[in-house]
Amino acid sequence: MKTTTKAAAAAATAAAGTGLAVNWIRRSRARAAAPGASAESRNRWRAVTVNKPAAEAAPDGKLPEPLAALGDRVEVRITPAPDGRGTEIAARLRAPEPAGPAAMPGRLAGRDPRQEVRSALRESKTLIEVGEVLRMDPQPAGERTSTPGGKLLDAVTKRARAEGML
Amino acid sequence: MKALCWTGINKLAVETVPDPQILNAEDIIVKVRLSTTCGSDLHLLGGYIPAMRAGDILGHEFMGEVAEVGPAVRNHKAGDRVVVCSFVSCGRCWYCEQKLFSLCDNGNPNPAITEAMWGYAPGGCFGYSHAMGGYAGSHAEYIRVPYADQGAFAIPDEVEDMTALFASDAAATGWTGVDQIGVQAGDVVAVWGAGAVGQMAARAAILKGAERVMVIDRLPERLAQAADIIGADTINYASDSVAAELRERTGGRGPDICIEAVGMEADSTGPHYLYDQLKQQLRLETDRAIAVREAVHACRKGGGVFVLGVFGGLVDKFPLGAVMNKGLTLRGAQMHGHRYIPEILDGMARGEVTTSHLATHVLPLDQGPQGYRMFKNKEDGCVRAVFRPAG
Ligand SMILES: NC(=O)c1ccc[n+]([C@@H]2O[C@H](COP(=O)([O-])OP(=O)(O)OC[C@H]3O[C@@H](n4cnc5c(N)ncnc54)[C@H](O)[C@@H]3O)[C@@H](O)[C@H]2O)c1
Ligand SMILES: [Zn+2]
Ligand SMILES: [Zn+2]
């Protein structure tokens with residue numbers, strides 16, 4: 001642990017003033033302070049901002065339907081965005097989120113609980129803003145020949161609303 | 001129906017595919033009359049944007065006739081002649097309200113890919129890979145247009161099909177660059193690339209009152225169009241030093257505004273071209289930013305550089321020092337067409353915006369693969385190959 005801090009300090013001297021180095025130090029400090037607890041492992045609030053006042057986004061505090069469907073599995077927080085720029089809708093899983101490489105099989109199989117939170121948030125946003133979720137099937141296409149790249153892309157697009165940075 | 005599909009890197013085929021359907025209440029189906037190749041397609045065709053799936057229908061710049069309307073459509077009815085913006089935007093999210101339509105939050109049903117690449121997902125675009133939404137493209141007899149009240153525009157009677165076609169994307173892109181970087185009356189503007197996009201950027205700058213506009217390319221037939229039809233001065237980078245010409249022609253100051261309309265496959269006569277090409281082939285950089293570098297270098301102190309050419313990922317040897325020390329404003333965007341198409345159509349109706357000369361090769365859809373070959377290799381003076389899906 002000591003070496004990590006030293007290495008970070010050396011890098012910071014080399015790149016004095018860069019935000020990168022500062023972040024790096026902060027992260028190694030955090031690691032030094034709480035061994036084993038990575039920044040990723042705590043449950044995150046995932047949030048979308050909708051372009052409507054709270055009274056329209058969640059009339060009488062009523063949750064948009066895709067989020068309501070998640071029931072007790074999530075906590076939900078609805079707050080006005082700064083400067084009246086819409087409403088922030090945030091959701092957080094109550095059960096611990098899967099973390100690290102062990103989460104991969106669940107993500108690929110579409111069983112990761114974060115995925116339904118992301119989909120619900122994205123769908124809520126588009127329902128509130130435009131009233132309908134865009135449908136993409138069926139669409140015209142030519143022959144979908146099977147290739148390794150194609151398989152990968154199919155897997156990615158199948159989880160299109162469930163993955164991403166949200 | 002018939003459609004032109006991407007089937008693999010540098011491979012296209014005309015296939016018989018199912019007709020599109022109305023899937024959302026705000027959709028229309030357009031019977032495509034004209035659909036053009038665009039420089040952006042070349043990046044897809046060559047596999048530089050790796051989110052294409054065999055069978056994807058290409059094409060995003062098109063006009064046609066409304067064939068069917070969804071129950072919530074207010075502004076269009078069957079039979080109307082429309083030009084459709086290449087980007088799909090809802091018109092109601094915060095970005096659309098700011099008139100930054102290509103950043104629409106509700107236009108890309110596939111946000112995960114571009115969020116991973118860029119942090120946040122821009123909107124969607126027809127026929128532009130699964131990264132940009134996975135919408136079926138316009139090189140087909142029919143196309144589904146979501147959010148049709150926002151993205152489809154009635155064409156004034158005085159404007160012919162072939163003129164209106166380019167309001168969809170090329171002209172709207174030029175307008176986006178010139179307006180967003182803030183070209184003002186009296187400015188000296190340099191534009192890299194004399195393709196349809198560069199020519200339209202030059203025209204937009206002239207209409208904004210730029211005092212002198214210079215277009216840079218190496219293809220004489222394109223430079224001739226930029227001079228004769230658009231009304232710009234030209235520089236041939238194959239036979240002249242761009243940096244020295246610009247310095248000489250701007251009283252030693254450099255252009256106030258530099259607009260790059262070349263993109264990630266830029267070429268050059270210098271040795272760095274080989275360097276960039278090698279790195280790109282080895283996937284050590286994804287884009288060749290040759291023209292952007294030159295623009296940043298040539299721009300006057302405190303000037304503006306706008307990147308209209310499409311880039312996908314990482315570039316090498318980017319002159320960040322010049323941006324910082326010269327106090328430049330550097331911006332880029334996919335086109336915010338919804339904002340500019342009405343004004344472009346008006347300009348077309350008044351005869352101020354000429355575009356039909358860009359359609360150097362008009363072909364039936366069956367000749368789609370040949371059309372792309374000509375456009376890609378710039379054969380026979382091809383500026384744009386335009387398809388008529390109805391034959
Ligand atoms: N921002 C947007 O929304 C948007 C929309 C449409 C197209 N585009 C992009 O704009 C770019 C141009 O599109 P186009 O349809 O005109 O393509 P195009 O291929 O017809 O034209 C590109 C031109 O750039 C020239 N060129 C190449 N290297 C050059 C260099 N180093 N200096 C000067 N000129 C050079 C080529 O000779 C060619 O004439 C593409 O990257 C395309 O993807 C962006
Ligand atoms: Zn285009
Ligand atoms: Zn929008």
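This section describes the two chains, a zinc site, the aromatic pairs and two individual residues. The model is a predicted one.

Chain A is made up of 7 helices and 3 strands. Read from the N terminus, its elements follow the order α-α-β-α-α-β-β-α-α-α. The chain has 166 residues, and 33% of them count as buried. Its accessible surface is about 10100 Å². Carbon and sulfur atoms contribute 57% of that area. Among contacts in chain A with a separation of 6 or more, 65% involve residues 24 or more positions apart.

Chain B contains 14 helices and 17 strands. Buried residues account for 61% of its 391 residues. The radius of gyration of chain B is 20 Å. A compact globule with 391 residues would have a value near 21 Å, so the two agree. Along the principal axes, the C-alpha atoms of chain B occupy a box of roughly 60 × 45 × 45 Å. The chain exposes about 14100 Å², and 50% of this belongs to carbon and sulfur atoms. Of the contacts in chain B with a separation of 6 or more, 72% join residues 24 or more positions apart.

The zinc ion (ligand 2) takes its protein donors from chain B. These are SG of B:C38, NE2 of B:H60 and OD of B:D169. They lie 2.0 to 2.3 Å from the ion. The spacing of the donor residues in sequence is C-x21-H-x108-D. B:C38 and B:H60 link distant parts of the chain and are 22 residues apart. B:C38 sits in the loop between β3 (28–36) and α1 (39–45) of chain B. B:H60 sits in the loop between α1 and β4 of chain B. Both B:C38 and B:H60 are buried.

Aromatic pairs were searched for over all chains, and the whole structure holds 4 of them. One is formed by B:F62 and B:F126. Its ring centres are 5.5 Å apart and its planes meet at 90 degrees, an edge-to-face arrangement. B:F62 belongs to strand β4 (residues 61–69) of chain B. B:F126 is in the loop between β7 (124–125) and β8 (142–145) of chain B. The pair therefore ties together parts that are 64 residues apart in sequence. B:F62 and B:F126 are both buried.

B:F126 also pairs with B:Y135. Here the centres are 5.9 Å apart and the planes stand at 55 degrees, so this pair is tilted. The angle falls between the limits of 30 degrees for stacked and 60 degrees for edge-to-face pairs. The relative accessible area of B:F126 is 1%, which makes this residue buried. B:Y135 is buried too, with a value of 4%. Ring pairs thus join B:F62, B:F126 and B:Y135 into a cluster.

Charged side chains also lie over ring faces, in both chains. In chain A, A:R77 is placed over the face of A:W45, 4.2 Å from the ring centre. In chain B, B:K378 is placed over the face of B:F375, 4.5 Å from the ring centre.

Two further residues were examined singly. A:K125 is located in helix α6 (residues 113–130) of chain A. Its relative accessibility is 8%. This value is under the 20% limit, so A:K125 counts as buried. Leaving out residues up to four places away in sequence, A:K125 touches A:V48, A:T49 and A:V50. In chain B, A:K125 touches B:D105 and B:N106.

B:T269 lies in the loop between β13 (257–260) and α10 (272–281) of chain B. Its relative accessibility is 59%. The limit for exposed residues is 50%, so B:T269 counts as exposed. Neighbours within four places in sequence aside, B:T269 is in contact with B:Y237 and B:A238. The C-alpha atoms of B:T269 and B:R218 are 9.8 Å apart. Along the chain, B:T269 and B:R218 are separated by 51 residues.

Conventions: Residues are numbered from 1 along each chain as its sequence is written. Chains are lettered from A and ligands numbered from 1 in the order in which they are written. This is a predicted model: local features need pLDDT of at least 70, side-chain atom pairs count only at pLDDT 80 or more; totals for chains, interfaces and linings use all residues. Side-chain values use heavy atoms; hydrogens and water are left out. Rings of Phe, Tyr and Trp (its six-membered ring) pair if their centres lie within 6.5 Å; planes under 30 degrees apart count as stacked, over 60 as edge-to-face and the rest as tilted. Helices (H or I, at least four residues) and strands (E, at least two) are DSSP runs, numbered from the N terminus. Buried means under 20% relative accessible area, exposed over 50%, partly exposed in between (1.4 Å probe, protein chains only). A charge sits over a ring if NZ of Lys or CZ of Arg is within 6 Å of the ring centre and within 35 degrees of the ring normal. The radius of gyration is taken over C-alpha atoms; the globule rule is 2.2 Å times the number of residues to the power 0.38. Contact means heavy atoms within 4.5 Å. Accessible areas come from the Shrake-Rupley method with a 1.4 Å probe; for residues, only the protein chains shown count as cover. Donors are N, O and S atoms within 2.8 Å of the metal (3.2 Å for Na, K and Ca); water is not among the atoms, so sites may look incomplete.
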